[in-house]
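Me: I'd like a close look at one part of this protein. Start from a single contact and work outwards from there. Keep it brisk.

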Amino acid sequence: RKFVADGVFNAELNEFLGRTLGEDGYAGVEVRVTPIRTEIIIRATRTREVLGEKGRRIRELTALVQKRFGFPENSVELFAERVENRASCAMAQCESLRYKLLGG
């Protein structure tokens with residue numbers, strides 16, 4: 001039962017972040033649960049856009065994730081990790097191609 005709940009959480013989080021950060025080279029998410037807090041690491045090719053001006057966007061995303069998934073205040077932390085080799089990341093390539101095709 002716990003495994004199913006974790007899987008649904010990961011799928012919903014991945015879908016939400018994919019829709020929100022698709023243009024910024026979103027390439028996946030990693031969730032680390034510690035006793036004190038839950039750490040969510042967002043992998044993207046353009047981390048500067050994910051973080052936003054003075055970290056504003058990442059704070060907004062943190063608040064949205066907290067509200068959407070019912071986490072207590074200050075128990076969730078989001079981090080942005082840069083995808084070093086974009087050529088070897090299938091998800092980053094897929095998103096890049098998608099926006100190139102949509103843009104024309």
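Which ring does the charged end of R68 sit over, and how far is it from the ring centre?

Reply: The ring is that of F69. The charged end of R68 lies 4.9 Å from the centre of the F69 ring. Bear in mind that this is a predicted model.

Start with what else the F69 ring does. The whole structure holds 2 aromatic pairs. One of them joins F9 and F69: ring centres 4.9 Å apart, planes at 80°. Edge-to-face needs an angle over 60 degrees, so this pair qualifies. F9 belongs to helix α1 and F69 to helix α3. They are 60 residues apart, and the pair links distant parts of the chain. F9 itself is buried, at a relative accessible area of 16%. The cut-off for buried is under 20%, so 16% puts F9 in that class.

F9 has a second ring partner. F9 and F71 also make an edge-to-face pair, with 5.9 Å from centre to centre and 75° between the planes. F71 sits in the loop between α3 and β3, so this pair ties F9 in helix α1 to a part of the chain 62 residues away in sequence. F71 counts as partly exposed, because its relative accessibility is 22%. Taken together, the ring pairs join F9, F69 and F71 into a cluster. R68 then has its charged end over one ring of that cluster, F69.

Both helices of the F9–F69 pair also meet the sheet. The sheet is open, with 3 strands in the order β1-β2-β3 and mixed pairing. Its edge strands are β1 (26-33) and β3 (76-82), and each of these pairs on one side only. From one strand to the next, the twist averages 20°. Helix α1 packs on this sheet and touches β1 and β2. The direction of α1 makes about 140° with that of β1. Helix α3 lies across β2 and β3 and runs at about 135° to β3. β2 is touched by α1, and α3 lies across β2 as well.

Now the β2–β3 side of the sheet. These two strands run parallel and are joined by 7 bridges. I42 faces A80, which is in β3. Strand β2 covers residues 38-44, and E39 is found in it. E39 touches E30, V31, R32, E77 and F79, leaving aside residues up to four places away in sequence.

E39 is a charged residue worth a pause. E39 counts as buried because its relative accessibility is 16%. E39 forms a salt bridge with R37, with the closest N and O atoms 3.7 Å apart. The limit is 4 Å, so 3.7 Å falls within it. R37 counts as partly exposed, at 31% relative accessibility. So the bridge joins a buried glutamate to a partly exposed arginine. E30 and R32, two of the E39 contacts, also take part in a salt-bridge network with R43.

The two helices that carry F9 and F69 have salt bridges of their own. In helix α1 (residues 2-21), R19 and E15 are 4 residues apart, about one turn. Their side chains meet in a salt bridge, 2.8 Å from N to O. R19 is exposed, as its relative accessibility is 66%. E15 is partly exposed, with 43%.

Helix α3 (residues 56-69) has a pair with the spacing of about one helical turn: E60 and R56 are 4 residues apart. The side chains of E60 and R56 meet at 3.3 Å, N to O, in a salt bridge. R56 is exposed at 53% relative accessibility, since the threshold is over 50%. E60 is partly exposed at 41%. The count of salt bridges comes to 8, including the pairs R19–E15, E39–R37 and E60–R56.

Back to the starting point. R68 places its charged end over the F69 ring. F69 pairs with F9 across to helix α1. F9 also pairs with F71, in the loop between α3 and β3. Helix α1 packs on the sheet, and α3 lies across β2 and β3.

Notes. Residues are numbered from 1 along each chain as its sequence is written. This is a predicted model: local features need pLDDT of at least 70, side-chain atom pairs count only at pLDDT 80 or more; totals for chains, interfaces and linings use all residues. Side-chain values use heavy atoms; hydrogens and water are left out. Buried means under 20% relative accessible area, exposed over 50%, partly exposed in between (1.4 Å probe, protein chains only). Contact means heavy atoms within 4.5 Å. Two strands pair if DSSP finds at least two bridges between them. Axes are lines fitted to C-alpha atoms, for helices over the stretch in contact, and angles run from 0 to 180 degrees between N-to-C directions. Rings of Phe, Tyr and Trp (its six-membered ring) pair if their centres lie within 6.5 Å; planes under 30 degrees apart count as stacked, over 60 as edge-to-face and the rest as tilted. A charge sits over a ring if NZ of Lys or CZ of Arg is within 6 Å of the ring centre and within 35 degrees of the ring normal.
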